[in-house]
Amino acid sequence: MSILKPKSIYKQFHQKLVIATSLLIIILSFIFYGYTKSTIFDEIQDSLYADAQLILEVSKTSNVNTNNFNLITSNGINVDIVELLNVPQSGYTYFKVGNKHFIQILYPFDVTKRKYIKIVKNIDSSIEMLNKIFNNLLLISLGGLIMVVLYAFTVSKTLLRPIIQITNKLSNMDENFLSQIKKDNLPIEFHPLANSINSLMTRIETNIKFKKELFIGVAHELKTPLAVMKLKNEVALMKKREAEKYQETMRLTVEQINDMNKMISSILDIGRAEGAQFEKPEEIDLVKYLQRKTNDYRMLSAKKKIVITFFSNVNHHEIYVQPTLLNQIIQNFVQNAIKFTPDEKSIAIRLEKEANTTTITVTDDGPGIDESIDLFAPFKRMGEESGAGLGLFLAKNAADSLEATVSLKNRTDDKSGCVATLILPNTTIPKKKESKKETSQK
């Protein structure tokens with residue numbers, strides 16, 4: 001069984017750049033050499049054809065023999081009149097005698113008698129010049145290849161330097177020391193990566209902060225009832241008492257245990273919520289989902305005779321979402337609204353589909369909130385109502401997992417109450433045509 005070796009992006013880039021540039025140099029060298037060779041031989045052929053035409057013109061005006069023909073042409077050229085039955089279609093040929101190279105052309109002299117002017121020229125000097133050109137190109141290509149290797153090495157190091165800087169920065173961080181990556185010295189291409197890492201660092205830092213607050217809060221919230229139970233039991237055991245006194249102590253102990261059980265259940269909900277982050281998203285009709293949930297919530301509000309209504313600016317709205325996390329947020333909002341809304345009042349659940357976001361609000365007729373308090377922090381409670389103070393903390397964590405935002409604000413319509421808002425980004429919502437008719441369920 002073969003084990004695949006990890007690939008190095010540095011080596012891959014270096015090798016690919018060297019290979020690609022080397023091939024480019026080789027191809028351009030061969031193209032240049034071929035073009036030069038073709039140009040030289042074309043000039044030789046044109047020159048020989050010009051000599052043949054001159055010989056033919058001179059022969060028409062005077063009686064000139066082949067010796068005189070040689071005087072017309074330049075040195076290194078041999079001219080003769082030959083009689084041939086078949087002539088090559090190209091009219092010229094290359095051949096080699098020993099170590100010497102020649103080019104030969106045949107030009108019509110007297111077609112009726114099948115006579116042709118045969119001109120043979122020695123092209124050793126041209127061949128030697130081409131060889132020098134080829135050798136020079138070879139040296140230039142080798143030099144260029146060395147320069148490419150050095151250039152590829154330098155470029156690879158330059159491109160990897162920002163990644164190395166980010167890696168070194170991250171390697172020196174731990175949960176106790178988190179810092180933002182500065183983008184001043186990074187190329188602009190690495191800014192999205194730095195932004196993503198900084199965003200992740202912020203979320204981790206916030207999560208660690210909340211977890212620390214959670215642990216401290218749990219210790220504090222559990223320590224207080226335990227201390228009360230211990231003190232009551234110690235006092236009860238200091239001397240003999242009537243049975244009613246022991247019963248009172250036991251009832252207090254049971255109440256404290258019930259409160260601790262509620263807190264432990266909330267802490268267990270945090271663990272389940274973190275597991276729900278890995279739940280597979282499902283496609284749901286958000287309008288029908290909220291309509292169904294509204295009917296369920298009416299059963300919770302029936303005891304206080306609270307009327308719950310649902311409104312939407314669309315008839316259908318398909319989204320991909322993790323239902324457990326969404327339900328945790330909406331249910332917490334509605335339960336808090338029922339808890340703080342007086343009897344025979346109302347609660348309104350609204351859905352508003354916009355271009356880039358989908359907003360869900362839960363508006364109650366309660367006393368409102370103190371906006372200076374971060375109610376999404378663990379163990380933050382509103383009013384005198386009982387509870388562990390972890391519901392909104394769970395809702396905030398669920399919203400972060402959905403890449404959504406949650407907020408709590410007082411009403412601005414001259415009525416007392418609170419508005420709990422969940423804003424889902426439409427980046428994960430498929431664009432579909434939806435009716436803009438507003439539906440209401442009362």
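Asp285 counts as buried in this predicted model, because its relative accessibility of 11% falls under the 20% limit for that class. The residue is found in strand β5, which covers residues 282-285. Apart from neighbours within four places in sequence, Asp285 is in contact with His316, His317 and Glu318. For one of these, His317, the C-alpha atom is separated from that of Asp285 by 5.3 Å, although the two residues are 32 residues apart along the chain.

**The chain as a whole**

The chain holds eight helices and twelve strands, and buried residues make up 37% of its 442 residues. Of the contacts between residues at least 6 apart in sequence, 70% join residues at least 24 apart. The accessible surface of the chain comes to about 28400 Å², and carbon and sulfur atoms account for 58% of that area.

**Salt bridges**

Side chains of opposite charge can pair when their charged atoms come close. A search of the whole structure finds four salt bridges, and the table sets out three pairs, including two that involve Arg411.

| Pair | N to O distance |
|---|---|
| Glu234 and Lys230 | 2.4 Å |
| Arg411 and Asp365 | 2.6 Å |
| Asp413 and Arg411 | 2.7 Å |

Glu234 and Lys230 both belong to helix α4 (residues 191-237), where they are four residues apart, about one turn of the helix. Glu234 is partly exposed, since its relative accessible area is 39%, whereas Lys230 is exposed, with a relative accessible area of 51%, a value that lies over the 50% limit for the exposed class.

Which residues does the network of salt bridges link? Its members are Asp365, Arg411 and Asp413, and the salt bridge between the side chains of Arg411 and Asp365 has an N to O distance of 2.6 Å. Arg411 lies in the loop between β10 (405-410) and β11 (418-425), while Asp365 lies in the loop between β9 (357-363) and α8 (391-401), so this pair ties together parts that are 46 residues apart in sequence.

Are the two residues of that pair buried or exposed? Arg411 is buried, with a relative accessible area of 16%, and Asp365 also counts as buried, at 18% relative accessibility. Asp413, whose side chain meets that of Arg411 in a salt bridge, is instead partly exposed, because its relative accessible area is 40%, which lies between the 20% and 50% limits.

**A charged patch on the surface**

On the surface, Lys232, Lys239, Arg241 and Lys245 gather in a patch of positive charge. One of these residues, Lys245, lies in helix α5, which spans residues 243-276. Lys245 counts as partly exposed because its relative accessibility is 44%, and this value is over the 30% relative accessible area that a residue needs to be part of a patch.

How values were computed:
Residues numbered from 1 in each chain as written. Predicted model: local features only at pLDDT ≥ 70, side-chain atom pairs only at ≥ 80, totals over all residues. Heavy atoms only, no water. Patch = residues over 30% accessible without salt bridge, like charges linked within 9 Å, V, L, I, M, F, W, Y side chains within 5 Å. Areas by Shrake-Rupley, 256 points an atom, 1.4 Å probe, with all protein chains shown as cover. Lys, Arg positive; Asp, Glu negative; His and termini not counted. Charge placed at Lys NZ, Arg CZ, Asp CG, Glu CD. Helix = DSSP H or I, 4+ residues; strand = E, 2+ residues; numbered from the N terminus. Buried < 20%, exposed > 50% of the residue type's maximum accessible area, 1.4 Å probe, protein only. Contact = heavy atoms within 4.5 Å.
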